[in-house]
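Reader: I am new to this structure and would like a close look at a single part of it, the open sheet. Could you take me through its strands slowly and then show what surrounds them?

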Amino acid sequence: MKPPLTHAHALRSAPSLSRRNSLALLGLGAAALAMRPTGLTAQAASQTVTAHNRAPDGVQMAFAPAVLHVTLGETVRFDHADRGHNVQSYDEMLPEGAAPFGGEIGEEIEFTFDTEGTYGYFCRPHAAMGMIGYVLVGDFTGNLDAVRAASAELRGPMMARRVEEYFAEITRIGQSAGLM
Ligand SMILES: [Cu+2]
């Protein structure tokens, strides 16, 4: 029995789509989502983080949502609203034993978070502008203090304010989930 195709695989292998049309489809995030077949496999991304030159809330060079809480084992898609971004985890901001994740500039990736904890990541070209984010997995408090300490070491003109804002959001999420 053939394993079910993921959506991305189905798009790439559809013979009737030219490369140009495939790329156009991939660029239309909303349209692509609307085309998602029902009966998704367990590995299909259920949440998306998007890299923006200007996020919906008006913040420049930012991920949205920059703080995302997912359940253990959930897959997150990291896509791009604009060119020139990438996503990669900070080595010092991973739960113990967790695999790092990342892609090249312009590369959209999916990553399955199968270790509980807090993951910090950044965009390499724009990290100095505060382009960072956090994925919180399950009870994410185990390594939160370590991630907070590492975040306080990040340098850049906008960084301290971003870190402060994102940790306020992390605290809000943790409290509403009864974890903090
Ligand atoms: Cu960027």
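Author: What follows goes through the sheet strand by strand and then turns to the core.

This is a predicted model, in which local features need pLDDT of at least 70 and side-chain atom pairs count only at pLDDT 80 or more, while totals for chains, interfaces and linings use all residues. Residues are numbered from 1 along each chain as its sequence is written.

The chain has five helices and eight strands, where helices (H or I, at least four residues) and strands (E, at least two) are DSSP runs, numbered from the N terminus. Along the sequence, these elements follow the pattern α-α-α-β-β-β-β-β-β-β-β-α-α.

The open sheet is built of four strands in the order β2-β1-β4-β6, with mixed pairing; two strands pair if DSSP finds at least two bridges between them. Because β2 and β6 (109–112) stand at the edges, each with a single partner strand, one side of each is left without a neighbour in the sheet. From one strand to the next, the twist averages 15 degrees, with axes taken as lines fitted to C-alpha atoms, for helices over the stretch in contact, and angles running from 0 to 180 degrees between N-to-C directions.

Beginning at the β2 edge, β1 and β2 run antiparallel and are joined by four bridges, and Arg54 stands opposite Gln60 in β2. The hairpin of these two strands has five residues between them, and Gly58 there takes a positive phi near 90 degrees. On to β4, which runs parallel to β1 and is joined to it by five bridges: here Thr48 has Arg77 in β4 as its bridge partner. Finally, β4 and β6 pair in the antiparallel sense over four bridges, and Val76 has Phe111 in β6 as its bridge partner.

Val76 also leads to the core, since it is among the residues with the most contacts inside the largest nonpolar core, which has 30 residues and in which Tyr119, Met131, Val135 and Leu136 are listed beside Val76. Such a core is a set of buried Ala, Val, Leu, Ile, Met, Phe, Trp, Tyr and Cys residues joined through C-beta atoms within 7 Å, and a residue is buried if 20 or more other C-beta atoms lie within 10 Å of its own, exposed if 12 or fewer, and partly exposed in between, with C-beta atoms placed from the backbone. Among the elements that give two or more residues to this core are β1 (47–54), β2 (60–64) and β4 (75–80), although the largest share, five residues, comes from β8.
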